[in-house]
Amino acid sequence: MAISIRLLKDSEYPEMLKLMYNVFPNANIKINNGDRIIIADMHGQVVGFVHYAYFNGKAIIKGFGVEGNARGIGIGTGLIEHVLKKFEKLAKPVYLKVLSLNPAVSIYARFGFFLVRNNEAKGVSLLVRKVNN
Ligand SMILES: CC(C)(COP(=O)(O)OP(=O)(O)OC[C@H]1O[C@@H](n2cnc3c(N)ncnc32)[C@H](O)[C@@H]1OP(=O)(O)O)[C@@H](O)C(=O)NCCC(=O)NCCS
């Protein structure tokens with residue numbers, strides 16, 4: 001299957017935003033100047049994204065998702081692998097928030113993320129992956 005993981009092109013922004021809202025229908029999605037977006041392109045369609053930014057010497061993953069029909073075939077893993085390589089080169093620790101029962105937790109655990117703290121009321125965990133894990 002032809003899947004490429006690469007930087008979002010300006011022309012793909014509307015398609016990618018539509019995917020973000022499909023994956024997170026209730027989210028208040030904010031993409032700031034300087035944020036970066038890596039996408040998964042399958043046969044010319046945007047089927048996955050990782051949205052991240054650098055802040056205070058850290059990398060922050062703000063959003064990560066794969067289109068419903070394209071899940072479970074490794075695209076999410078490929079996207080995370082791609083951005084972690086960048087963060088490693090830059091020697092930046094990476095932080096993200098995840099719903100505690102989210103299947104994405106298994107991806108993060110496999111790549112060496114650790115729990116920083118749990119917000120039990122919200123069911124959200126803050127995870128970190130340190131440099132030289
Ligand atoms: C999390 C997500 C990005 C994973 O993308 P993906 O392309 O399906 O990921 P992969 O194919 O690489 O699979 C990664 C793991 O998730 C598991 N998984 C994927 N989809 C799943 C599902 N719907 N239910 C249960 N497990 C699932 C896979 O079994 C695999 O686990 P394993 O490595 O322990 O076997 C995707 O499920 C998604 O977009 N979910 C909704 C949005 C979301 O929750 N984003 C993360 C917010 S922090």
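Strand S5 (94–99) and strand S7 (residues 124–129) run antiparallel and are joined by six bridges. Helices (H or I, at least four residues) and strands (E, at least two) are DSSP runs, numbered from the N terminus, and two strands are taken to pair if DSSP finds at least two bridges between them. Within this pairing, Leu99 stands opposite Val124 in S7. The structure is a predicted model, in which local features need pLDDT of at least 70 and side-chain atom pairs count only at pLDDT 80 or more, whereas totals for chains, interfaces and linings use all residues. Residues are numbered from 1 along each chain as its sequence is written.

S5 and S7 belong to an open sheet of seven strands, with the order S1-S2-S3-S4-S5-S7-S6 and mixed pairing. Its edges are formed by strand S1 (3–7) and strand S6 (114–119), each of which pairs on one side only. On average, neighbouring strands of the sheet are turned by 25° against each other, direction ignored. Axes are lines fitted to C-alpha atoms, for helices over the stretch in contact, and angles run from 0 to 180 degrees between N-to-C directions.

At one edge, S1 is joined to S2 by five bridges, and the two strands run antiparallel. Leu7 has Ile38 as its bridge partner in S2. S1 is hardly covered, with a count of zero buried residues among its five residues. A residue is buried if 20 or more other C-beta atoms lie within 10 Å of its own, exposed if 12 or fewer, and partly exposed in between, the C-beta atoms being placed from the backbone. At the other edge, strand S6 contains Arg117, which counts as exposed because it has 10 C-beta neighbours inside 10 Å. Arg117 and Ile31 are 86 residues apart along the chain, and their C-alpha atoms are separated by 25 Å.

The pairing continues from S2 to S3, which are antiparallel and share seven bridges. Ile38 is here the bridge partner of Val50 in S3. The two strands form a hairpin with two residues between them, and His43 in the turn has a positive phi of about 50°. His43 is a residue other than glycine, and it counts as exposed because it has 8 C-beta neighbours inside 10 Å. S3 is in turn joined to S4 by eight bridges, again in an antiparallel arrangement, with Phe64 in S4 as the bridge partner of Val50. The hairpin of S3 and S4 likewise has two residues between the strands, and Asn56 takes a positive phi near 50° there. Asn56 is not a glycine, and it is exposed because 5 other C-beta atoms lie within 10 Å.

Two helices pack against these strands. Helix H1 (residues 13–23) lies across S2, S3 and S4 and runs at about 90° to S3. H2 packs on the sheet, touching S1, S2, S3, S4 and S5, and its direction makes about 30° with that of S3. Contact between two residues means that their C-beta atoms, placed from the backbone, lie within 7 Å.

The largest nonpolar core has 23 residues, and those with the most contacts inside it are Ile38, Ile39, Ala40, Phe49, Val50, Ile61 and Leu79. Strand S2 (36–42), strand S3 (45–55), S4, H2 and strand S5 each supply at least two residues of this core, and S3 gives the most, with five residues. Such a core is a set of buried Ala, Val, Leu, Ile, Met, Phe, Trp, Tyr and Cys residues joined through C-beta atoms within 7 Å. When neighbours within four places in sequence are left aside, Phe49 is in contact with Met16, Leu19, Met20, Ile37, Ile38, Ile39, Gly63 and Gly65.

The shell around the ligand receives at least two residues from each of strand S4 (58–66), helix H2 (75–89) and helix H3 (104–110). Of the 17 residues around the ligand, Arg71, Gly76, Thr77, Pro103 and Ala104 come nearest; a residue is near a molecule or strand if its C-beta atom, placed from the backbone, lies within 6 Å of it. The shell residues divide into nine nonpolar, seven polar and one charged. In this division, Ala, Val, Leu, Ile, Met, Phe, Trp, Tyr, Cys and Pro count as nonpolar, Asp, Glu, Lys and Arg as charged, and the others, Gly among them, as polar.
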